[in-house]
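Reader: I have a new model open and would like to talk through how it is put together. Could you take my questions one by one?

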Amino acid sequence: MSIVLYHCHEARSMRSLWLLNELGLDFELVVMPFDIEKLRTKEYLAISPLGRVPCLIDQGKVLFESGAIAQHLCESYDQNGLGRSPGNAERSEWLQWIHFSETMAVHGASLVQQNIIIANEADRSPLVQKLELRRLEKSIEVIDQRVSDSNFLLKGGFSAADIAVGYSLHLARLWTDLKAFVGAFGYYQVLSSRPAFKASLPPSSDFPEPS
Ligand SMILES: N[C@@H](CCC(=O)N[C@@H](CS)C(=O)NCC(=O)O)C(=O)O
């Protein structure tokens with residue numbers, strides 16, 4: 001098998017998994033527990049030097065940033081219009097939204113750290129939580145406005161940028177009520193009803209249809 005994806009359920013690697021599923025590629029999926037010790041083994045650090053997910057190996061090339069993985073997969077394999085190649089009129093916007101998705105996700109991830117990973121409540125910071133939530137909601141407002149009159153981020157239709165941002169909304173919904181952002185919520189409903197999105201959830205997930 002020439003493509004291998006290291007993945008933790010519903011982590012940023014879900015972007016890469018969802019994209020692989022949309023592209024209809026054959027790949028090997030290595031599911032790791034979301035457990036810092038298991039991600040920091042000597043063996044895994046030799047593959048992915050920060051010990052995080054995603055990590056994609058394609059024909060021996062190792063990539064460990066979800067935005068770079070999206071660009072690489074689209075440039076190497078896309079036949080479904082998910083990428084925007086250099087020279088395409090939507091290329092710059094496509095790149096912007098792929099990378100904007102990380103601006104969103106860092107706030108969601110920080111809230112995961114504050115509320116879940118820091119086990120001892122006394123070590124959590126209400127101020128950090130408040131600021132991170134506010135900054136997360138501001139970033140959702142940008143998407144809310146962008147999709148207020150369209151199904152997808154780009155006029156040319158569904159693309160890997162929607163996958164990147166769609167994952168960030170999937171993470172954000174843990175911390176804020178997406179229904180308060182009418183456009184972003186409708187957009188998330190459209191994205192999360194895609195078969196490839198559903199196929200990227202954990203097998204045991206009884207993911208509720210957003211309503
Ligand atoms: N900017 C990176 C972020 C990767 C990242 O931080 N992944 C998280 C999961 S969502 C992780 O592996 N965390 C484990 C850790 O922080 O030790 C990307 O988009 O791929």
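Reader: Into which domains is the chain divided?
Author: Happy to help, and please keep in mind that this is a predicted model. The domain assignment splits the chain into two pieces, namely domain 1 (3-77) and domain 2 (91-194).

Reader: How many residues from domain 1 and from domain 2 does the contact take, and what distance separates their centres?
Author: Domain 1 (3-77) and domain 2 (91-194) do touch each other. The contact takes 14 residues from domain 1 and 23 residues from domain 2. Taken over C-alpha atoms, the centres of the two domains are separated by 20 Å.

Reader: Where does the largest pocket lie with respect to domain 1 and domain 2, and which residues are closest to its centre?
Author: Both domain 1 (3-77) and domain 2 (91-194) give residues to the lining of the largest pocket, so the pocket lies between them. About 880 Å³ of space lies in this pocket. Its lining has 29 residues, and the closest to the centre are Ala 11, Arg 12, Phe 34, Arg 52 and Ala 109.

Reader: What is the make-up of the lining of the largest pocket by class, and which helix gives the largest share?
Author: By class, the lining has 15 nonpolar, seven polar and seven charged residues. Helix 2 (36-39), helix 5 and helix 7 each supply at least two residues of the lining. The largest share, seven residues, comes from helix 5.

Reader: What about enclosed space: how many cavities of 30 Å³ or more are there, and what is the volume of the largest cavity?
Author: A friendly reminder of the idea first: rolling a probe the size of a water molecule over the atoms shows where empty space is left. The count comes to one cavity of 30 Å³ or more. The largest cavity has a volume of about 90 Å³.

Reader: Where does the largest cavity lie with respect to the domains, and which residues lie nearest its centre?
Author: Domain 1 (3-77) and domain 2 (91-194) both give residues to the lining of the largest cavity, so this cavity lies between them. Helix 1, helix 4, helix 5 and helix 7 each supply at least two lining residues. By class, the lining has seven nonpolar, five polar and two charged residues. Of the 14 lining residues, those nearest the centre are Arg 15, Ser 66, Gly 67, Ala 70 and Ala 164.

Reader: Why is helix 1 described as largely enclosed by the rest of the structure?
Author: A residue counts as buried when its relative accessible area is under 20%. Among the buried residues of helix 1 are Arg 15, Trp 18 and Glu 22. Helix 1 is largely enclosed because the buried residues number 10 of the 11.

Reader: Is Ser 16 buried or exposed, and which residues does it touch?
Author: Ser 16 is found in helix 1. With a relative accessible area of 2%, Ser 16 is buried. Not counting residues up to four places away in sequence, Ser 16 touches Leu 5, Pro 54, Ser 66 and Ile 69.

Reader: And Ser 101: is it buried or exposed, and how many Å apart are Ser 101 and Val 165, C-alpha to C-alpha?
Author: Ser 101 is found in helix 5, and Ser 101 is buried, with a relative accessible area of 1%. Leaving aside neighbours within four places in sequence, Ser 101 is in contact with Arg 15, Ala 164, Val 165 and Ser 168. Ser 101 and Val 165 are 64 residues apart in sequence, yet their C-alpha to C-alpha distance is 4.6 Å.

Reader: Which residues have the most contacts inside the largest nonpolar core?
Author: The largest nonpolar core has 50 residues, and those with the most contacts inside it are Leu 19, Ile 140, Ile 143 and Tyr 187. This core draws at least three residues from each of domain 1 (3-77) and domain 2 (91-194). To pick one of the four named residues, Ile 143 touches, beyond four places in sequence, Trp 97, Phe 100, Met 104, Leu 153, Val 165, Leu 169 and Tyr 187.

Definitions and conventions. Residues numbered from 1 in each chain as written. Predicted model: local features only at pLDDT ≥ 70, side-chain atom pairs only at ≥ 80, totals over all residues. Heavy atoms only, no water. Core = buried A, V, L, I, M, F, W, Y, C linked by side-chain atoms within 4.5 Å. Buried < 20%, exposed > 50% of the residue type's maximum accessible area, 1.4 Å probe, protein only. Domains from an automatic or database assignment. Contact = heavy atoms within 4.5 Å. 1 Å grid on protein atoms, 1.4 Å probe; cavity = no way out; pocket = protein on both sides within 12 Å on 5 of 7 lines; lining within 4 Å. Points joined across faces, edges and corners; volume = space filled by probe spheres on them. Helix = DSSP H or I, 4+ residues; strand = E, 2+ residues; numbered from the N terminus. Nonpolar A, V, L, I, M, F, W, Y, C, P; charged D, E, K, R; others polar.
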